[in-house]
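Work through the exercises below with the sequence and the model side by side. Try each task before reading its solution.

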Amino acid sequence: MPIPLIIDRSRDQDFMALALEQARLGAAQGEVPVGAVLVMGGEVIGAGFNCPISRHDPSAHAEMVAIRAAAATLSNYRLPSSTLYVTLEPCSMCAGLIVHSRIQRVVYGASEPRAGVAVSQGRFFEQGFLNHRALVEGGVLADACGAVLSDFFRSRRQKAPGQAE
């Protein structure tokens, strides 16, 4: 039986700021800057940033990395009563993982109009066939989260052809 989730929105910005730090770490390594932290009982139990390029792993999205770290920390593949903070609206792969992990709450920063499935391209977490529902809230530090991505892609477009990344 999961521990009841007590929603304390007063710390959402603090935890999203930690996710932004993760995103910046990824950007520094040439990865698309998306960061995530997983929190349980007010403590970070997993953190990560996008790293599919460096890991040669298409599943190494920030959410996946943070959830894997948290599961290892707890020695449990289920993460009830936890909140995932991610700088970008989750994609379908990550949304499925969130449900299978039994994460109770997802807080994201910027919307992802092309591939986000929390609200942008459908409402995955509200589908009737799911055996677990995660509470989803968006827009926390959305401007800062979006700016990290915009700056990253602007910088890449401005590099001269043939210039190393």
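The exercises that follow concern a predicted model, and they go from the sheet to the helices and then to single residues.

**Exercise 1. The sheet**

Task: Find the order of the strands in the open sheet, and name its edge strands.

Solution:
- Step 1. Lay out the strands. Five of them form an open sheet, in the order 2-1-3-4-5.
- Step 2. Check the pairing. It is mixed.
- Step 3. Look for strands that pair on one side only. These are strand 2 (43–49) and strand 5 (135–138), the edge strands.
- Step 4. Check the twist. Ignoring direction, neighbouring strands of this sheet are turned by 15° against each other on average.

**Exercise 2. Strand 1 and its neighbours**

Task: Determine how strand 1 pairs with strand 2 and with strand 3, using A36 as a marker.

Solution:
- Step 1. Take strand 2. Six bridges join it to strand 1, in the antiparallel sense.
- Step 2. Place the marker. A36 stands opposite G48 of strand 2.
- Step 3. Take strand 3. Strand 1 pairs with it over five bridges, again antiparallel. Here the bridge partner of A36 is V86.
- Step 4. Inspect the hairpin of strand 1 and strand 2. Two residues lie between the strands, and G41 takes a positive phi near 60°.
- Step 5. Ask about burial. Five of the six residues of strand 1 are buried, so the strand is largely enclosed by the rest of the structure.

**Exercise 3. Strand 3 against strand 4**

Task: Decide whether strand 3 and strand 4 run parallel or antiparallel, and give two residue pairs that align them.

Solution:
- Step 1. Strand 3 covers residues 82–88 and strand 4 covers residues 105–110. They run parallel, joined by five bridges.
- Step 2. Use the pairs. T83 has R105 as its bridge partner in strand 4. Y85 stands opposite V107.
- Step 3. Check the cover over strand 4. Six of its six residues are buried.

**Exercise 4. Helix 3 and helix 4**

Task: Describe how helix 3 packs on helix 4.

Solution:
- Step 1. Recall the general approach. Two packed helices are described by the angle and the distance between their axes.
- Step 2. Apply it. The axes of helix 3 (residues 62–74) and helix 4 (residues 92–101) come within 9 Å and cross at roughly 20°.
- Step 3. Classify the angle. Values under 35 degrees count as roughly parallel, and helix 3 and helix 4 are therefore roughly parallel to each other.
- Step 4. Assign the hand. Helix 3 passes helix 4 in a left-handed crossing.
- Step 5. List the contact. E63, M64 and I67 of helix 3 meet M93, C94, L97, I98 and S101 of helix 4. By class, this contact has six nonpolar, one polar and one charged residues.

**Exercise 5. Helix 1 and helix 5**

Task: Do likewise for helix 1 and helix 5.

Solution:
- Step 1. Helix 1 (residues 12–28) and helix 5 (residues 142–158) have axes 10 Å apart and pack at an angle of about 5°.
- Step 2. Helix 1 and helix 5 are therefore roughly parallel to each other.
- Step 3. From helix 1, the contact takes in M16, L20, A23, R24 and A27; from helix 5, A144, C145, V148 and F152.
- Step 4. Sort them by class. The contact has eight nonpolar, no polar and one charged residues.

**Exercise 6. Two positive phi values**

Task: Is S75 buried or exposed? Is R102 buried or exposed?

Solution:
- Step 1. Locate S75. It sits in the loop between helix 3 and strand 3. Its phi is near 55°, positive although S75 is not a glycine.
- Step 2. S75 has 67% relative accessibility, so it counts as exposed.
- Step 3. Locate R102. It sits in the loop between helix 4 and strand 4. Its phi is about 65°, again positive in a residue that is not a glycine.
- Step 4. R102 has 18% relative accessibility, so it counts as buried.

**Exercise 7. The surroundings of V34**

Task: Which residues does V34 touch beyond four places away in sequence?

Solution:
- Step 1. V34 lies in the loop between helix 1 and strand 1.
- Step 2. V34 has a relative accessible area of 4% and is buried.
- Step 3. V34 touches A23, G48, F49, N50, A62, V86, T87, L88 and L149.
- Step 4. Compare sequence with space. V34 and G146 are 112 residues apart in sequence, and their C-alpha atoms are 9.7 Å apart.

Definitions and conventions:
Residues numbered from 1 in each chain as written. Predicted model: local features only at pLDDT ≥ 70, side-chain atom pairs only at ≥ 80, totals over all residues. Heavy atoms only, no water. Axes fitted to C-alpha atoms, helices over the stretch in contact; angles between N-to-C directions. Helix = DSSP H or I, 4+ residues; strand = E, 2+ residues; numbered from the N terminus. Parallel < 35°, antiparallel > 145°, perpendicular 65-115°, else oblique. Left-handed = near helix turned anticlockwise from the far one by under 90°. Contact = heavy atoms within 4.5 Å. Nonpolar A, V, L, I, M, F, W, Y, C, P; charged D, E, K, R; others polar. Pairing = 2+ DSSP bridges. Buried < 20%, exposed > 50% of the residue type's maximum accessible area, 1.4 Å probe, protein only.
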